[in-house]
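Please study the sequence and the structure shown below before attempting the exercises. Each task is followed by a worked solution.

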Amino acid sequence: MTLDGEPVAPDRGGVPWFARIGRRLGVTRPSPALIRAAACLYVFDLLGFGDRDLRTLTYLQRRERLERLGLPHGPVLLSPSYRDIPVSRMLAVAAEYDNEGVIAKRVDSTCRAGRSQAWRKLPLRRSTEVVVVGWLWARPSPIQLFPTRT
């Protein structure tokens, strides 16, 4: 079978952190501690099964076939899929758990190479509130902040 998924290295609470999987990238001789650290594959799409190419089916049809495989065990896990929850709520939950964001797919979309508006990654942007206590307008000519007295 041909699966589409995301490698994840969750913390002890089960929350995935990209930095944890990043420590594994490019490592040819992992330490015993890195080998013992939990890692799994969250699978979210089934692109082929046996000699059958499933990419021409809709995402919903492929997802239904994927769910029937019974993957949720061991290091290969079926990613959660929600169809009746507003995207704003999904983003709020992702922010609450400090996740990277949400992947949104049109249920009637087929799988094709390249980028598509039918599949969108909705990343959470980190921001902070600040108080501006001073401002200096930029001018075309150099500004002399502390003029010298002559």
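The exercises that follow concern a predicted model.

**Exercise 1.** Determine where S79 lies and whether S79 is buried or exposed.

*Solution.* Step 1: S79 is located in the loop between strand 4 (76-78) and helix 4 (87-96). Step 2: the relative accessible area of S79 is 11%. Step 3: buried means under 20%, so S79 is buried. Step 4: leaving aside neighbours within four places in sequence, S79 is in contact with Y42, V43, F44 and R63.

**Exercise 2.** Describe the salt bridge between K105 and D45.

*Solution.* Step 1: side chains of opposite charge can pair when their charged atoms come close. Step 2: the closest N and O atoms of K105 and D45 are 3.6 Å apart. Step 3: K105 belongs to strand 5 (residues 101-105) and D45 to strand 2 (residues 40-49), so the pair, 60 residues apart, links distant parts of the chain. Step 4: K105 is buried at 18% relative accessibility, and D45 is buried at 0%.

**Exercise 3.** Describe the salt bridge between E100 and K121, and state which residues form a network.

*Solution.* Step 1: the closest N and O atoms of E100 and K121 are 3.9 Å apart. Step 2: E100 lies in the loop between helix 4 and strand 5, and K121 lies in strand 6, so the pair ties together parts 21 residues apart in sequence. Step 3: E100 is partly exposed at 45% relative accessibility, whereas K121 is exposed at 55%. Step 4: salt bridges with shared partners join D45, R62 and K105 into one network.

How values were computed
Residues are numbered from 1 along each chain as its sequence is written. This is a predicted model: local features need pLDDT of at least 70, side-chain atom pairs count only at pLDDT 80 or more; totals for chains, interfaces and linings use all residues. Side-chain values use heavy atoms; hydrogens and water are left out. Helices (H or I, at least four residues) and strands (E, at least two) are DSSP runs, numbered from the N terminus. Buried means under 20% relative accessible area, exposed over 50%, partly exposed in between (1.4 Å probe, protein chains only). Contact means heavy atoms within 4.5 Å. A salt bridge is a side-chain nitrogen of Lys or Arg within 4 Å of a carboxyl oxygen of Asp or Glu.
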